[in-house]
Amino acid sequence: MPTPEDPEQALLDAITDLRARRTVLGDALVDAALAPLLERLATLSAQLEPPTQPRPTEPARRLRQVSVLFLDIVGSTQLIQMLNPEEVQAVVDGALAAFTAIVKHHGGEVLRYAGDNLKAAFGAHDTAGTREDDAERAVHCGLALLAEAARRGDEVKRLHGFEGFSARVGIHTGGVVRGGGVENENSLSGLAVNIAARLEQAAPAGTLRISVDTYRQVQGRFDVQAQPALQVKGLQEPLQTFLVLGERDRRLRGLRQGVEGTATVLVGRDAELTQLRALTARVFTQGGLGAATVVGEAGLGKSRLLAEVLAEVLAEVVTKVQTALPTDLPAPAPARAAALWSASSHPQGLHQPCGLLRDLLFWHHGVKDSDTQAQAQEKFAAALAPIFGAAADEQTALLGQLIGLDYSASPFIAGILRDGKQLRARGFHAWAEYMRLQAAQQPLVLVLDDLQWADDESLNAIDHLVAVGAALPVVLLCGARPELLQRRPDWGAAWPT
């Protein structure tokens, strides 16, 4: 319960504790209990805000949703016993300087150094504020920090003959208050900070350990390994945590929903689920394209709803539809299964023309982010050759140029390279033709999530597909937050349902 000494901090701790119980109580109950607490906390925060600009030495305290990262260098104690102080300082200071650069590169800020460890935060800065991908950037940063530590460990072994120099990282996402402590503006207070520190302490050398709260924000983006529940001071229940093994291959990424190993119930979406079932069944029985966009604020279950459709509709409705088809239909129509394609937009995707389209096609054809331009083009061309047949060179160049691969040397592109309108129109035609040929092989279920972050050209390409592909056996399911309708008020209004 809040105490008269610090009601805001007590509320913050209660909120963090409640969020940590999601796996036990379930999302619906936790969200219902959180609502009045968050409202009360917002009121208290407003009351604590001074009427004038705070002095530099006394910054205002504000509640923030932050991903907190702790890093500790492993092996420094043993290193001290082998090297002289100047050499140890050079090794440790050089590593910390490199780690700091990595944190800044990923959009975070280092708030404190303490010997051979550092504390960083993503989403705590006054000017940057909280961003949708804070947790994802923090995890990417954590993996980059471990890679740099491993590289420096090899260097320490080569120069000094010492094995065992590495790092461990812990990350937790939760509410914190910035400012007001002995570290002034670099102070973060709240249970979330303690949890992040505990995760770092519990991480084996060379690993990154994250909390279930962080995992909820990055699910599907990374390969993880569940760990035994971790007891954290301040939490009544042990905390579910994961070791991050690496970034997940694009082809294996799924929709962000739930937590691996935890069953959740879809609440309050029965009507929409029924509509999506009917749409999917109609496409598989009658043909033609069916499209729908599920719009909802963050946390209201739109991604969960799409995932439910994939899990339930594809496993049950499609099977029932296919077994009920007349037996005198020409083969192989009765036995055709649906192909599932999916992609999710990213907050940075707004500035990447046709980025969502590229992600979808790269995912389907196994092109990796780490591939060079030449490797990506080689994989892309090899995948499209059997699809387009004799027209493969031309269509691959047009579609590849549309999604950001450099085909400017192609004779099919060089002549229209300066004609943006024609280049775009022919690229969109190649995209629609590609989807037509794919759907001719088997019906498609195309799931595109988080369209509020999709770039305009990808949105235009989706609209173009719907406009020219009305006869295709395609189920197009989209998820978006209301921000999409601010950009595109008429989004989906003319779509077949």
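Cysteine 354 is buried, for its relative accessible area is 1%, and a residue counts as buried when that value is under 20%. The model in which this residue appears is a predicted one. Cysteine 354 belongs to the loop that runs between strand E10 (339-344) and helix H11 (355-365). Its backbone also deserves attention: although cysteine 354 is not a glycine, its phi is positive, at about 60 degrees.

A second loop residue may be read alongside it. Aspartate 450 is placed in the loop between strand E11 (444-449) and helix H16 (456-468). Here too the residue is not a glycine, and yet the phi of aspartate 450 is positive, at about 55 degrees. The relative accessibility of aspartate 450 is 5%, and the residue therefore counts as buried. Each of these two loops thus follows a strand and leads to a helix in the order given by the residue numbers: E10 (339-344) and H11 (355-365) for cysteine 354, E11 (444-449) and H16 (456-468) for aspartate 450.

The third residue to consider lies within a helix. Threonine 100 is part of helix H5, which comprises residues 85-105. Because its relative accessibility is 10%, threonine 100 counts as buried. A polar atom of the threonine 100 side chain lies 2.8 Å from the backbone oxygen of leucine 96. When residues up to four places away in sequence are not counted, threonine 100 touches Val110 and Tyr113. The surroundings of the threonine 100 side chain can therefore be described together with its burial at 10% relative accessibility: leucine 96 supplies a backbone oxygen at 2.8 Å, while Val110 and Tyr113 are touched by threonine 100 from further along the sequence.

Terms used:
Residues are numbered from 1 along each chain as its sequence is written. This is a predicted model: local features need pLDDT of at least 70, side-chain atom pairs count only at pLDDT 80 or more; totals for chains, interfaces and linings use all residues. Side-chain values use heavy atoms; hydrogens and water are left out. Helices (H or I, at least four residues) and strands (E, at least two) are DSSP runs, numbered from the N terminus. Buried means under 20% relative accessible area, exposed over 50%, partly exposed in between (1.4 Å probe, protein chains only). A polar contact is a pair of N or O atoms within 3.5 Å; within protein, one must be able to donate a hydrogen and the other to accept it, and residues adjacent in sequence count only if both atoms are side-chain atoms. Contact means heavy atoms within 4.5 Å.
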